[in-house]
Amino acid sequence: MNLTKLATNKHPVLIFDGVCNLCEWLVIFIVKRDKRAKFRFVPAQSELGQQIQQRNGIDAVRNFTMILLKDGQIFTRSDAAIEIAKELDGPWTLLRVLAIFPRSLRDFVYTWIGNNRYKWFGFKDQCLLPTEELASRFIG
C-alpha cells in the first residue's frame, strides 16, 4: 500500500495502540461521533501500523501517542487530538479551543495520561478486533 496516499482529505487515518483499553474506547468514541465515516483506523501493532511508524520515525506505543495522518501531514499527541475533534460531529468540534494553550502544556497532560493508560484503564493481550460494522473503517 502506498503510504503517502494512505490518508486523504476525505479519510484521515488514526494509528492507535491496539491493545490499550483507553485507545480502544477512543476509537469507538470517534466512530460514534463521525457520522460521515471519514476516519480510518490502523492498530500500531499491525504490519501497516509498523510500516507507518518506521517510515516516520515514531513509535506510537513507546512514545505514548496516537498518530494522525491528515491532509498530507502527521499529527501526534495533543495536536492529533485537536485535529480529530475538528472532524467530529456535534459539540466536540469545540475542543479545538484547546489549541490556545501552549503545545508543551497540552503535551505534558497528554503524556501523563499516556504514561498511566495501562495502569488506569488496562490492556489486552491482542489488538482490537473490529465488529463487522467497523471492519470497513479499519485498514491494513
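**Group meeting: a walk through the model**

Okay, let's start with one residue: Q54 has a relative accessibility of 62%, so Q54 counts as exposed. Keep in mind that what you have on screen is a predicted model. Where does Q54 sit? You'll find Q54 in helix α2, which runs over residues 47–56. If you jump back to G18, that's 36 residues away in sequence, and the two C-alpha atoms are 17 Å apart in space.

Let's stay on that helix for a moment. Q50 is in helix α2 too. Is Q50 buried, partly exposed or exposed? The relative accessibility of Q50 is 34%, and the partly exposed class lies between 20% and 50%, so Q50 goes down as partly exposed. If we skip the neighbours within four places in sequence, Q50 has contacts with A44 and Q45. And going the other way along the chain, A60 is 10 residues from Q50, with 9.2 Å between their C-alpha atoms.

Right, let's zoom out. How many helices and strands are there? The protein has five helices and four strands. If you trace the chain with your finger, the order goes β-α-β-α-β-β-α-α-α. So the last three elements in that pattern are helices, and the two strands just ahead of them come one after the other.

Now the overall build. A compact globule of 140 residues would come out with a radius of gyration near 14 Å, and this protein has 14 Å, so the two agree. Along the principal axes, the C-alpha atoms fill a box of roughly 35 × 30 × 30 Å. Out of the 140 residues, 44% count as buried. And here's one for the contact-map fans: take the contacts between residues at least 6 apart in sequence, and 69% of those join residues at least 24 apart.

What about the surface? The protein exposes about 8100 Å², and carbon and sulfur atoms supply 58% of that. On the charge side, there are 20 positive and 14 negative charges, and the mean positions of the two sets are 5 Å apart.

Speaking of charges, have a look at E83. E83 is in helix α3, residues 77–87. Is E83 buried or exposed? The relative accessible area is 11%, and the buried class is anything under 20%, so E83 is buried. What does the E83 side chain pair with? There's a polar contact of 2.9 Å between the side chains of E83 and K86. Leaving out residues up to four places away in sequence, E83 also touches L68, K70 and F75.

Last stop, backbone angles. Most residues other than glycine have a negative phi. A37 isn't a glycine, yet its phi is positive, about 50°. A37 sits in the loop between α1 (21–32) and β2 (40–43). With a relative accessibility of 25%, A37 counts as partly exposed.

Then there's R77, also not a glycine, with a positive phi near 45°. Which element is R77 in? R77 lies in helix α3, and since that helix covers residues 77–87, you can find R77 right at its start. R77 has a relative accessible area of 23%, so R77 is partly exposed.

That's the tour, thanks everyone.

Technical notes: Residues are numbered from 1 along each chain as its sequence is written. This is a predicted model: local features need pLDDT of at least 70, side-chain atom pairs count only at pLDDT 80 or more; totals for chains, interfaces and linings use all residues. Side-chain values use heavy atoms; hydrogens and water are left out. The radius of gyration is taken over C-alpha atoms; the globule rule is 2.2 Å times the number of residues to the power 0.38. Buried means under 20% relative accessible area, exposed over 50%, partly exposed in between (1.4 Å probe, protein chains only). Contact means heavy atoms within 4.5 Å. Accessible areas come from the Shrake-Rupley method with a 1.4 Å probe; for residues, only the protein chains shown count as cover. Lys and Arg count as positive and Asp and Glu as negative; His and the chain ends are not counted. The place of a charge is taken as NZ of Lys, CZ of Arg, CG of Asp or CD of Glu. A polar contact is a pair of N or O atoms within 3.5 Å; within protein, one must be able to donate a hydrogen and the other to accept it, and residues adjacent in sequence count only if both atoms are side-chain atoms.
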